[in-house]
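Biologist: Please take a close look at one part of this predicted model, a covered helix, and then follow the description outward to the parts that come after.

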Amino acid sequence: MRVTIAAAGTRTGAATIQSLIKKETANTEIYTCYRNLAKVPDAFKEYPGFHAVQADVNDKSSLDFAGSHSVLAMTPPVFENSHEQSRTVCTNIKEAVEKSGTVKRLILLSSKGAEFESGVGEIHTNHLAEQTLKDTNVEELLFVRPCYFMDNWTEMTETLQGDEPFFMSSITPIDYKFPMVANQDIGTALAMGLTSSYAPPKKPYIFELHGPEDYSPADVQAAFAAALGKPVKIQPIEKADLAGFFSEFLPPNVVPSYVEMTESILPDGRIGESASSSENGPDIVRGKTSLNDAMKHALAGTV
C-alpha cells in the first residue's frame, strides 16, 4: 500500500509520519510532499518505506498521486490570502486525486468549527477546504476535525523561563473547560485513517478529535507547574484586549481573523456554544494523551 501526505512539512504532518513509521505497517510505502527537501527530517530518511518528493500543493503540475491508495490533504498555514490559498490547494489536490486512477481514500485535516460559514475567523479556511473537496470523485472521503491543539499553549515558551514563569491565555475565563487534543493523537488518528481497511459509513464521513477529557486554562497552568516543578502564573487576556494582544506578534491584516477565531471558541462564541448544546453533531474520537503528558513532552529540552 502506498499513502501520500500533501503537504508534509507541518507539525501535524510530522506527527502523522512518525505514527506511520512507529506502526511499521507491513508493505506500506510513505510518500510525502515537501516544497523544500532540505526540510525533511533525517530521522524519517532512515525508514526504508519513507519517500520524500519535491512537490508544492500550490502548484498542481507538481502533484502526482498515481499509485497511492490513500491521500492526506493539509492546507499549510499562511498569513496572506489564506482563503484563496485554501481553495487553490484543495482544488489542486482534488484534481490530482481524480487524475491518479488509484486513490481510493482522501482525508482532509480540517478543524472543529469548519461547519460554520462565518463567525469563526481563520477556521473559515477549513470550511472552504471542505466545500472544495466534498464532491471529489473518490470512493471514500473523510473530514477530520481536531479541536483546540494542546500544543498551542507552548508556542511562547520564553515566558516559562526564569524564576517566575508565566504564560498568557487568550481563552477566558480561566476555569472554562473546552475540548483540546494533542498533536501526537492527531497524527495517530490520521495515520490510522490512511492505512485502515475500515470503510467509513458515509461520504464524506466527518468526525471530531478530542483529548481524553476537556480542559481549562487553569488546567494548563497546573500542567505547566507539574512539568517545570515550580509555580506558574497565568495572565488572562480579556476579550476586549484580544486585538492588542494579537497585534504584538501577527501581521495587521490577519489580526481581525484571529480575534474572531478566538472569540468563537469562548463560551458565548459559535464553537463554544455548539460544543455545549449540540447533541446531533459529528462523531467524536478521543485521543489518549493527557494535558499533563502533552505539556511535559512539549517542554522537554525547551525550558
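Modeller: In this predicted model, the buried residues of helix α4 are covered by elements that include α3 (82-100), β5 (105-109) and β6 (140-146). Helix α4 itself spans residues 124-133, and 9 of its 10 residues are buried, so the helix is mostly covered. The buried positions are H124, T125, N126, H127, L128, A129, E130, T132 and L133. As background, an α-helix has 3.6 residues a turn, so residues three or four places apart point the same way.

From the helix, the description passes to the cysteines. C147 has 5% relative accessibility and therefore counts as buried, the limit being under 20%. C147 is also among the residues touched by H210. Leaving aside residues up to four places away in sequence, H210 touches C147, P179, M180, V181, I284, V285, R286 and G287. H210 lies in strand β10, residues 205-210, and counts as buried because its relative accessibility is 5%. Its side chain is joined to that of E208 by a polar contact of 2.8 Å.

C33 is likewise a buried cysteine, with a relative accessibility of 6%. The closest cysteine sulfur to that of C33 belongs to C90 and is 14 Å away, which is too far for a bond, because a disulfide requires the two sulfur atoms to be within 2.5 Å. A search of the whole structure finds 0 disulfides.

Strand β10 also leads to a feature of the backbone. P204 is found in the loop between α5 and β10, and the peptide bond from K203 to P204 is cis, with omega near -5 degrees. A cis bond is also present from T172 to P173, again with omega near -5 degrees. P173 is placed in the loop between β8 (166-169) and β9 (180-181). For context, most peptide bonds are trans.

Helix α5, which comes at one end of the loop holding P204, packs against another helix. Helix α1 (residues 11-23) and helix α5 (residues 183-195) have axes 7 Å apart and meet at an angle of about 60 degrees. The two helices are therefore oblique to each other, and their crossing is right-handed. On the α1 side, the contact is made by R11, T12, A15, T16, S19, L20 and K23. On the α5 side, N183, I186, G187, T188, L190, A191, L194 and T195 take part.

Notes
Residues are numbered from 1 along each chain as its sequence is written. This is a predicted model: local features need pLDDT of at least 70, side-chain atom pairs count only at pLDDT 80 or more; totals for chains, interfaces and linings use all residues. Side-chain values use heavy atoms; hydrogens and water are left out. Buried means under 20% relative accessible area, exposed over 50%, partly exposed in between (1.4 Å probe, protein chains only). Helices (H or I, at least four residues) and strands (E, at least two) are DSSP runs, numbered from the N terminus. Contact means heavy atoms within 4.5 Å. A polar contact is a pair of N or O atoms within 3.5 Å; within protein, one must be able to donate a hydrogen and the other to accept it, and residues adjacent in sequence count only if both atoms are side-chain atoms. Axes are lines fitted to C-alpha atoms, for helices over the stretch in contact, and angles run from 0 to 180 degrees between N-to-C directions. Angles under 35 degrees count as roughly parallel, over 145 as roughly antiparallel, 65 to 115 as roughly perpendicular and the rest as oblique. A crossing is left-handed if the near helix is turned anticlockwise from the far one by less than a right angle, and right-handed if clockwise.
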